[in-house]
Amino acid sequence: MIFFIITSIYIGCHLSSSKGFKAMGETALEIGADTFQFFTRNPRGSKAKDIDPQDAAELRKLLAEHHFAPLIAHAPYTLNPASADPKTREFALQTMQDDLVRMEYLPGNLYNFHPGSHVGQGVEKGTDLIISLLNEILTKDQTTTVLLETMAGKGSEIGRSFDELKRILDGVKLNNKMGVCLDTCHVHDAGYSLATLDGTLEEFDKQIGLTRLKAVHINESLNPRGAHKDRHAVIGGGQIGTDTLTRVINHPALKHLPFCLETPNDLAGYAKEIKLLRSLYRD
Ligand code: FE
Ligand code: FE
Ligand code: ZN
């Protein structure tokens, strides 16, 4: 008997959730994706639409039938769990808590958020605030893994270094529910070298542990390494380089993870980049 072991990259992109869950799954299939990311609500952070359980069930069926990798739900990027304003922090807490309840309609997936900006209070104070928010919202029964995203370090963003992420993880009691999403544009802008990927991943492993790494945002950056700007570019149109991004998707420590594009593209552009990255992936 002959066994064919088919290994392929798990790749997708950010999709609009305006037409519901199942529509996102169908769009993903149309553009050749087998994972995707979506905002849990309007990225500006308004009230979320009620979940249609039937729609969620239909997406679950589609994901299972087509062997999708875990999906990434993204919290509104306007939330700031490290804010100096208690009302802003409370809003972040309520929103994220509500998102985690809703995520149970799609069990076993990922929920990614930007740790926050300390707005002049200092990294230590900001870190404590992020930890206390996480300690309030995580539950031992949740099936969702909550991801801290590596940040570019623009303004007073926390999470610009692996050490800053480690300090958050160290303070969270239920940190078996936590992981990290590595954004290639952000780590490049934060100053890490993706050209010397082994060294950068070694440092990640030393600080955080590679088993914490659950997803990769595969993006180009418009700016040079260390620019702290966070301006995404299309594949082939930035300063990281396609050779380096090819090494990222093929690295033995990363190649099993879901890769998600957040490049400035329409659906046709995403389909092209997904096809390109599939062609650059070695089984
Ligand atoms: Fe993000
Ligand atoms: Fe990202
Ligand atoms: Zn970004």
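Trainee: Let's start with the iron ion (ligand 2): which residues coordinate it?

Mentor: In this predicted model, the iron ion (ligand 2) is held by Glu149 (OE), Asp183 (OD), His217 (ND1) and Glu262 (OE), at 2.0 to 2.3 Å. Along the chain, these donors follow the spacing E-x33-D-x33-H-x44-E.

Trainee: How do you know that those atoms count as donors?

Mentor: The cut-off for a donor N, O or S atom here is within 2.8 Å of the metal. The distances are 2.0 to 2.3 Å, so the atoms qualify as donors.

Trainee: What makes the arrangement around the iron ion (ligand 2) irregular?

Mentor: Look at the angles: the four donor atoms subtend 84 to 174°. Tetrahedral would need all angles between 85 and 135 degrees, and a range of 84 to 174° doesn't fit that. The arrangement comes out as irregular because of those angles.

Trainee: Which parts of the chain do glutamate 149 and aspartate 183 link?

Mentor: Glutamate 149 sits in strand β5 and aspartate 183 in strand β6 (residues 178-183), 34 residues apart, so this pair joins distant parts of the chain. Glutamate 149 and aspartate 183 are both buried.

Trainee: What makes glutamate 149 a bridge?

Mentor: Glutamate 149 coordinates both the iron ion (ligand 2) and the iron ion (ligand 1), and these ions are 3.4 Å apart. The other donors of the iron ion (ligand 1) are His74 (NE2) and His114 (NE2), and with Glu149 (OE) the distances are 2.1 to 2.3 Å. Histidine 74 is in strand β3 (residues 72-74), 75 residues apart from glutamate 149 in strand β5 (residues 145-149).

Trainee: And what coordinates the zinc ion (ligand 3)?

Mentor: His186 (NE2), Asp230 (OD) and His232 (NE2) do, at 2.0 to 2.3 Å. The zinc ion (ligand 3) is 5.4 Å from the iron ion (ligand 1). Histidine 186 lies in helix α6 (residues 184-190) and histidine 232 in strand β9 (residues 232-233), so the pair ties together parts 46 residues apart in sequence.

Trainee: Why is histidine 186 called buried, and why is histidine 232 called partly exposed?

Mentor: Buried means under 20% relative accessible area, exposed means over 50%, and partly exposed is in between. Histidine 186 has 2%, so it is buried. Histidine 232 has 21%, so it is partly exposed.

Trainee: On to the rings. How many aromatic pairs are there?

Mentor: The count comes to six aromatic pairs. One of them is phenylalanine 162 with tyrosine 192, at 4.1 Å centre to centre and 10° between the planes.

Trainee: Why is the pair of phenylalanine 162 and tyrosine 192 called stacked?

Mentor: Planes under 30 degrees apart count as stacked. This pair has 10° between its planes, so stacked is the word. Phenylalanine 162 is in helix α5 (residues 162-171) and tyrosine 192 in the loop between α6 and α7 (197-207), so the pair ties together parts 30 residues apart in sequence. Phenylalanine 162 has 1% relative accessibility and counts as buried, and so does tyrosine 192 at 12%.

Trainee: What makes phenylalanine 162 and phenylalanine 204 an edge-to-face pair?

Mentor: Edge-to-face needs planes over 60 degrees apart. Here the angle is 75°, with 5.1 Å centre to centre, so the pair fits that class. Phenylalanine 204, in helix α7, is 42 residues apart from phenylalanine 162.

Trainee: How do you know that lysine 255 lies over the face of tyrosine 281?

Mentor: One requirement is a charge within 6 Å of the ring centre. Lysine 255 is at 4.8 Å from the ring centre of tyrosine 281, and lies over its face.

Conventions. Residues numbered from 1 in each chain as written. Chains lettered and ligands numbered in written order. Predicted model: local features only at pLDDT ≥ 70, side-chain atom pairs only at ≥ 80, totals over all residues. Heavy atoms only, no water. Donors = N, O, S within 2.8 Å, 3.2 Å for Na, K, Ca; no water. Helix = DSSP H or I, 4+ residues; strand = E, 2+ residues; numbered from the N terminus. Tetrahedral: all angles 85-135°; square planar, octahedral: opposite > 155°, others 65-115°. Buried < 20%, exposed > 50% of the residue type's maximum accessible area, 1.4 Å probe, protein only. Phe/Tyr/Trp six-rings, centres within 6.5 Å; stacked < 30°, edge-to-face > 60°. Lys NZ or Arg CZ within 6 Å of the ring centre and 35° of its normal.
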